[in-house]
Every structure is written in C-alpha cells, then in structure tokens.
Protein chains: 2
Amino acid sequence: MLHVAEAARVSVATVSALINGTATVSPELSQRIEQAIRDIGYKRNAIARSLKMGTTRTIGLTVPHITNPFFTDVVSVIQQAFDRAGYAVMLCCTDEDLNTQDDQIRLLLDRMVDGLIVARVGDGAILKRIVDDANVPVVLLDRICEGVDTDTVVLDNQRAVFDAITYLINLGHRRIGYITGTSDISPMHDRMAGYREALHAAGLPIAEELIRFGNFHEIDGYNATMQMLSSHDRPSAIFSANNPMVIGTMKAIRDIGLSCPEDISVACFDDFPWSDVFQPQLTTVAQPVQAIGEQAANLLLDRLAGNRDAPPRKLLLKGRLMIRNSCRPLGAIAQSVSA
Amino acid sequence: MLHVAEAARVSVATVSALINGTATVSPELSQRIEQAIRDIGYKRNAIARSLKMGTTRTIGLTVPHITNPFFTDVVSVIQQAFDRAGYAVMLCCTDEDLNTQDDQIRLLLDRMVDGLIVARVGDGAILKRIVDDANVPVVLLDRICEGVDTDTVVLDNQRAVFDAITYLINLGHRRIGYITGTSDISPMHDRMAGYREALHAAGLPIAEELIRFGNFHEIDGYNATMQMLSSHDRPSAIFSANNPMVIGTMKAIRDIGLSCPEDISVACFDDFPWSDVFQPQLTTVAQPVQAIGEQAANLLLDRLAGNRDAPPRKLLLKGRLMIRNSCRPLGAIAQSVSA
DNA sequence: TTGTAAGCGTTATCAT
DNA sequence: ATGATAACGCTTACAA
C-alpha cells in the first residue's frame with residue numbers, strides 16, 4: 001500500500017480511504033490511486049488488516065472424520081455457506097481424539113478465527129474451558145456438550161432410532177442387535193436411549209449381549225457383527241448407530257456366509273447417496289444434512305453479524321426413516337431359512 | 001504479551017526470547033515469565049506473528065467437490081498430513097466453476113497462505129497468472145495445468161482407462177458407452193484418450209454417439225445414460241469416467257427397467273469403500289488416494305521447509321483395475337436377453 | 001543476560 | 001478532502 005501511495009503521490013491514509021470507501025476522495029486522486037493499484041498489482045494484505053481490525057473473516061470447523069458421509073455433506077454445505085459470505089474456513093479433523101481436538105481448537109483460536117463450529121468429541125470439560133476463555137461465538141454441531149451453553153444444531157436422535165427400531169419390531173423382529181460408538185457423546189447416548197425405549201415400549205427384554213460398542217470405524221462394525229453372528233442365538237436384525245460401521249456389518253455378513261435381507265435384516269443411521277441403487281437397498285435414518293449445515297452456518301453468521309447477546313439457540317431437527325429393502329418381515333426370514 | 005512482560009517485570013523482548021527459545025534467559029526471569037503466562041492465560045497471537053514473520057503456517061487447498069469420494073479421501077489425507085506438521089488448512093470448493101476458483105485462490109493468497117494445493121478447474125491461464133504473481137509454492141493435484149510448471153501429482157489416467165476398456169473388450173463388448181466430464185481438464189482428456197486408444201488397439205470403430213459429456217454430477221450421468229439406453233442400438237457396456245456420475249448411470253438403468261450386469265455392464269473411475277459389499281459390485285479403476293494425498297502434502301511440505309529451487313517434480317501414479325461383478329462376458333448377456 | 005526501539009501492512013484519529 | 005501518526009501484537013537487531 002505504501003508503494004501505491006508513493007506511486008500515486010498521496011498518503012497511505014488516502015489509499016485506505018478509497019479502498020474501503022471510508023471517506024470521500026476526489027476524482028483526480030481516485031484515478032491516480034486506481035491506476036497505481038493496477039500498475040503495481042496491489043492486493044490488500046488480509047493479515048495486517050486482521051491484526052488491526054481484530055477480525056479475520058475466517059472460521060474454524062472441526063469434525064471427527066471428514067470421510068464419514070454425514071460429515072462430508074455437512075462440511076460441504078457449511079463451506080459453501082461461508083464461502084458465499086466471504087469467509088474462509090479452516091477445517092480440522094479430530095479423528096475422535098480428545099487431545100487432537102484440544103490442540104486443533106487452540107490452533108484455530110491462536111489464528112484468531114472469528115467463530116467456531118465444532119462437532120465435539122469426548123469429555124466436554126476442556127472444550128468448555130477453551131470456549132469460555134476464547135471470546136468467539138461457538139456453535140455445536142451434531143453433538144451437545146454438557147455445560148457449554150451455546151448455539152446448537154442437533155438431531156432428535158432418540159426419536160429417530162425409536163422409530164427405526166419400532167419399525168423392525170413391527171416387522172416381527174425380537175432379537176435386534178445394536179452397534180454403537182462409545183456413548184460419551186450425545187448422539188450415541190441418545191440413539192441408544194431410543195433403542196432401549198423402543199424395546200421397552202414393545203414389552204421386549206433388552207439383551208445386553210446384543211449391544212456392541214465400537215470406535216466408529218468400519219472395522220469396529222465388522223468385529224461387532226462377527227461376534228453377534230457367531231453366537232448360537234444370533235439376532236434376526238442389526239441396527240448400526242453409525243454410518244461407516246454398517247459397511248463393516250455388511251462385510252461380516254458376507255464373510256460369514258449369510259446374506260441380507262434373506263438371513264438377516266440390517267438398518268443404520270445416516271443415509272448414503274447410493275442407497276436406493278445397489279442391493280440390498282439399505283433402510284436408513286436420513287438426517288437433513290443440508291438443513292443441518294445451513295442452520296449451523298446461519299447461527300454462526302448471525303453471531304458474526306453482531307448479534308452477540310441473544311440467548312443460546314438450540315435447534316432440534318428431525319430424522320427420517322427411509323424404508324427400503326434391507327429389512328424383511330420375520331416370517332419371510334423363517335421361510336427362506338427352512339427352504 | 002505486553003501484559004505478561006509487565007506482570008513479570010521484564011521486557012517483551014525477554015518474553016519473546018523465552019517463548020521462542022531464541023536467546024537464553026536466566027532461570028529467575030524464566031520462572032517469573034512462565035508464572036505470568038499461566039496467571040494471565042497468555043496465548044501467542046498467530047496473526048501478529050504472521051505479519052512480522054511473513055509466514056502463516058497455513059496452506060490453502062482447493063478442490064472441485066468435497067463430496068466426490070475421491071476428493072473426500074484425498075482432502076482427508078492432506079488435512080491429516082498438515083495437521084501433523086502443525087499447519088492449518090483452509091479448504092475451498094470450486095464447484096467446477098472457474099470464477100469461483102479464481103476468487104477463492106485470491107482469497108487464500110490475500111490471507112498469506114504459505115502454499116497452495118489445487119485441483120484446478122477450467123482454463124489454466126488465469127491460474128497461471130495468479131500463481132506467477134503470488135510467491136508461494138503450488139502443487140497441482142489430480143489435474144495438470146498447461147503452462148504452469150510446478151510440482152504435480154496426477155494419475156496415469158490414459159493407461160488406467162485403457163486397461164479398463166481393454167478388459168471390457170476382452171469380455172466381448174463392442175459397443176461401449178463412455179460418459180465423461182468436460183474435457184478441458186487433463187484427467188478427462190487423458191481418460192478419453194485411453195478409451196479411444198483401447199478401441200483403436202482392438203481395431204474397433206469409435207461411435208461418437210456413444211460418447212457423452214456431463215458436468216460431473218449424478219444427474220449428468222443419469223441423463224447421459226438415459227439417452228444412450230433409449231437408442232435403438234444401445235451399448236452393451238458403459239464406462240463412467242467420473243465417480244458421482246456412475247450413481248446416475250445406475251439409477252437410469254434401474255428406471256429404464258434394465259439391470260446390471262444382466263442387461264448391461266458398468267464400470268467406472270474411482271473406487272468406493274462399499275464396492276465389494278453391495279450388488280452389483282462395481283468394477284472400478286481405483287486411485288491410490290492415500291499415496292496421492294501424502295505425496296502432494298510431502299511435495300508442498302518440502303518446499304515449505306525451504307527447498308524452493310529444486311526443479312518441478314512431476315509424480316505420475318498408477319491406477320488399479322478392481323474387477324468385480326458388474327461386467328459380464330457378452331455371451332452371458334446374449335443368453336440372459338434371449339432367456 | 002536483558003532492554004530499547006524499529007518495523008511488518010493495515011486502519012483510524014485528528015489535524016490541516 | 002487529505003495527510004501525519006499512533007496503534008494492532010509480535011520479532012529482532014542492536015545497545016547496554
């Protein structure tokens with residue numbers, strides 16, 4: 001900018017005034033300055049501006065795994081929304097690791113991000129302290145956080161799984177396997193509650209050996225399914241509370257020589273774009289990813305626009321059961337087995 | 001930092017020296033300073049540091065669509081690599097739009113990113129100018145760029161498609177539909193060349209009506225497939241040069257009342273994690289996503305570490321044909337049709 | 001070993 | 001309408 005000012009024979013203040021329209025500058029000087037800007041190819045340095053202004057027009061976004069289709073979509077929507085608003089987004093993946101998340105959030109805060117969207121992991125205590133210290137607005141995505149009272153966008157997970165399990169029960173299933181991630185994060189906790197609630201509402205017993213915990217990855221779904229199917233009294237249906245793990249479930253079913261839905265019914269949380277093209281067409285609980293991403297972005301954008309004092313807004317969205325052909329009435333299963 | 005200095009009754013220079021280990025400071029002062037840092041909860045401001053140092057420890061990454069599974073994986077790998085190295089990554093999605101890409105790269109450059117990884121889109125001329133002006137290292141990912149002579153990681157696309165089409169030909173297919181994105185980007189151009197080369201090598205004619213151009217999205221694959229299948233002389237196999245479009249192809253096959261592989265064989269570029277679990281199990285060309293992401297990251301990290309003068313390094317990786325069951329010998333197709 | 005002070009590229013206040 | 005100048009928070013000669 002100094003170069004521009006010199007070339008145009010004006011002061012830097014005038015250049016700044018012109019660029020930002022913060023004061024009126026005469027036509028002659030305007031022209032000289034614009035010419036100089038073109039000649040030199042001047043671009044305003046956003047870092048210096050940030051230092052002075054105290055704002056970076058950058059937000060931080062942290063999710064557990066970007067390869068989880070749910071997060072892929074949500075990240076995509078959020079990124080687009082901020083791009084439209086002229087914000088940059090720094091993306092971090094915590095890999096479901098608490099310390100990693102910790103480091104990443106500090107890294108983002110050090111870089112003076114104007115706001116944070118976080119799908120947290122693990123214990124919320126540290127997150128709470130970080131968020132309290134930092135003076136930036138935070139929106140919690142997908143996962144609520146005990147003690148952190150801030151804008152939130154989550155699904156009604158309990159209700160969604162209740163519906164799915166009830167559907168399975170109505171199909172005649174009595175022994176329904178349930179594969180979940182560690183329940184220290186709210187969605188896993190709430191989904192499990194939905195499972196228990198549905199069984200309870202139907203007057204069915206809860207068989208603890210049918211509940212398996214994994215670490216969110218395909219391999220965990222594989223192992224959990226293997227264990228359940230190797231038992232002498234295997235379930236007639238399996239619900240996976242997490243999207244990547246259901247791939248493992250399907251591989252285990254295949255490897256053990258069974259097939260879905262003939263021998264075992266399968267349903268899972270989170271929809272796939274290809275769900276209704278390949279066989280079996282998985283019955284899933286679809287989350288409104290577009291809405292989730294947009295709401296999260298809007299909530300933060302609203303705070304960024306200056307609305308700091310509004311009380312925390314908690315959005316609870318509804319899932320939708322997408323019934324396809326991966327779950328069969330239990331009668332049909334009995335037939336195919338006896339055939 | 002000023003606060004810390006005051007609280008510890010030292011100068012800011014001493015605080016800085018201690019934090020950065022850039023000079024030795026006496027035990028007494030060290031202790032006082034560390035105490036003050038804890039008391040105040042001081043965190044170094046990375047923006048101010050960046051302004052002074054001229055480096056942000058942040059890189060920019062732009063891809064067309066993060067929802068394209070290939071890019072999802074590559075972005076994930078790259079993000080992890082830079083996270084390990086203490087870098088933040090700003091992610092942008094161009095949506096295959098030239099102007100968007102333009103704006104985003106400028107936005108990243110304004111923010112003084114230390115380097116850029118770009119899976120470019122459209123005409124390379126503007127990209128070239130931008131890259132020349134900016135004084136940051138750039139690595140080109142997935143797509144080379146005429147005139148931009150810099151580090152590059154791409155696949156041997158022509159060879160990969162040649163292999164896939166040859167496989168189809170050996171199965172007995174003669175009329176092979178080909179669905180591609182606009183060929184102004186190198187992978188699409190090279191893959192098409194592989195298609196033509198394979199037909200030519202087998203002495204087969206190239207039927208231009210079997211080559212359809214789409215815009216990379218599922219809907220484009222759908223439309224292209226619909227058109228081909230509605231013709232009186234439809235192909236016996238379809239190859240989709242792009243991953244999202246093959247979902248459209250499968251939907252079109254279903255909607256038109258045909259089935260794969262019984263009525264028509266399908267193969268495509270880019271592998272899916274679930275390819276060998278659902279039916280039909282798609283035959284695909286798998287890219288070494290892990291290697292691609294790591295190499296791109298390493299190339300940039302190496303430049304960032306100071307190796308600026310090495311000549312541009314061009315990495316050409318090999319694809320792998322994953323043969324599954326979505327392609328049938330033509331004889332079998334004839335049988336199932338006559339049956 | 002420690003402190004003083006200049007400077008990174010902006011914006012903003014206050015004279016002129 | 002324009003310009004001089006301080007300030008944002010840091011690093012780094014250089015001086016003490």
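Arg44(B) reaches the backbone of DNA strand D in this predicted model: one of its polar side-chain atoms lies 3.5 Å from a phosphate oxygen of the strand. That counts as a polar contact, meaning a pair of N or O atoms within 3.5 Å (within protein, one must be able to donate a hydrogen and the other to accept it, and residues adjacent in sequence count only if both atoms are side-chain atoms). Other side chains do likewise on both strands, as the table shows.

| Side chain | DNA partner | Distance |
|---|---|---|
| Thr24(A) | phosphate oxygen, strand D | 2.4 Å |
| Arg49(B) | phosphate oxygen, strand D | 2.7 Å |
| Asn20(A) | phosphate oxygen, strand C | 3.2 Å |
| Tyr42(A) | phosphate oxygen, strand C | 2.8 Å |
| Lys52(B) | base nitrogen, strand C | 3.2 Å |

A word on the ground rules. Residues are numbered from 1 along each chain as its sequence is written, while chains are lettered from A and ligands numbered from 1 in the order in which they are written. Because the model is predicted, local features need pLDDT of at least 70 and side-chain atom pairs count only at pLDDT 80 or more, though totals for chains, interfaces and linings use all residues; side-chain values use heavy atoms, with hydrogens and water left out.

**Strand D.** Around this strand sit 23 residues, and the closest are Thr14(A), Thr24(A), Ser26(A), Tyr42(B) and Arg49(B). Here a residue is near a strand if one of its heavy atoms lies within 4 Å of it. On the DNA side, 75% of the strand D atoms within 4 Å of the protein belong to sugar or phosphate, and the rest belong to bases. By class, the surface near strand D has 10 nonpolar, seven polar and six charged residues. For that split, Ala, Val, Leu, Ile, Met, Phe, Trp, Tyr, Cys and Pro are nonpolar, Asp, Glu, Lys and Arg are charged, and the others, Gly among them, are polar. The biggest giver to this surface is α4(B), with four residues. Helices (H or I, at least four residues) and strands (E, at least two) are DSSP runs, numbered from the N terminus.

**Strand C.** This strand has 22 residues around it, with Met1(A), Arg49(A), Thr14(B), Ser26(B) and Lys52(B) coming nearest. Sugar and phosphate make up 75% of the strand C atoms that come within 4 Å of the protein. The residues near strand C divide into 10 nonpolar, seven polar and five charged. For strand C the largest share, four residues, comes from α4(A).

**The two protein copies.** Chain A lands on chain B after a rotation of 180° with 0.0 Å of shift along the axis, at an RMSD of 0.1 Å. That's the relation of a two-fold axis. The same surface does the job in both copies, since 98% of the contact residues of chain A recur in chain B. The fit is by least squares on the C-alpha atoms of residues with pLDDT of at least 70 in both copies, and contact means heavy atoms within 4.5 Å.

**Chain A as a whole.** Chain A has 13 helices and 12 strands. Its radius of gyration is 26 Å, well over the 20 Å that the globule rule gives for 339 residues, so chain A is more spread out than a compact globule. That radius is taken over C-alpha atoms, and the rule is 2.2 Å times the number of residues to the power 0.38. Along the principal axes, the C-alpha atoms of chain A fill a box of roughly 95 × 40 × 30 Å. An unreviewed UniProt entry lists residues 1-53 of chain A as "domain: HTH lacI-type". Over that stretch, chain A is 72% helix and 0% strand, with the end C-alpha atoms 17 Å apart.

**Backbone oddities.** Most residues other than glycine have a negative phi, and most peptide bonds are trans. In chain A, the bond from Gln279(A) to Pro280(A) is cis, with omega near -10°, and Pro280(A) lies in the loop between β9 (265-269) and β10 (283-286). In chain B, a cis peptide bond joins Cys260(B) and Pro261(B), with omega about 10°. Pro261(B) is in the loop between α11 (243-255) and β9 (265-269) of chain B. Finally, Asp142(B) is not a glycine but has a positive phi, near 70°; it's found in the loop between β4 (138-141) and β5 (151-155) of chain B.

Note on methods
UniProt positions are given in the numbering used here, feature names are shortened, and annotations may be inferred rather than shown by experiment.
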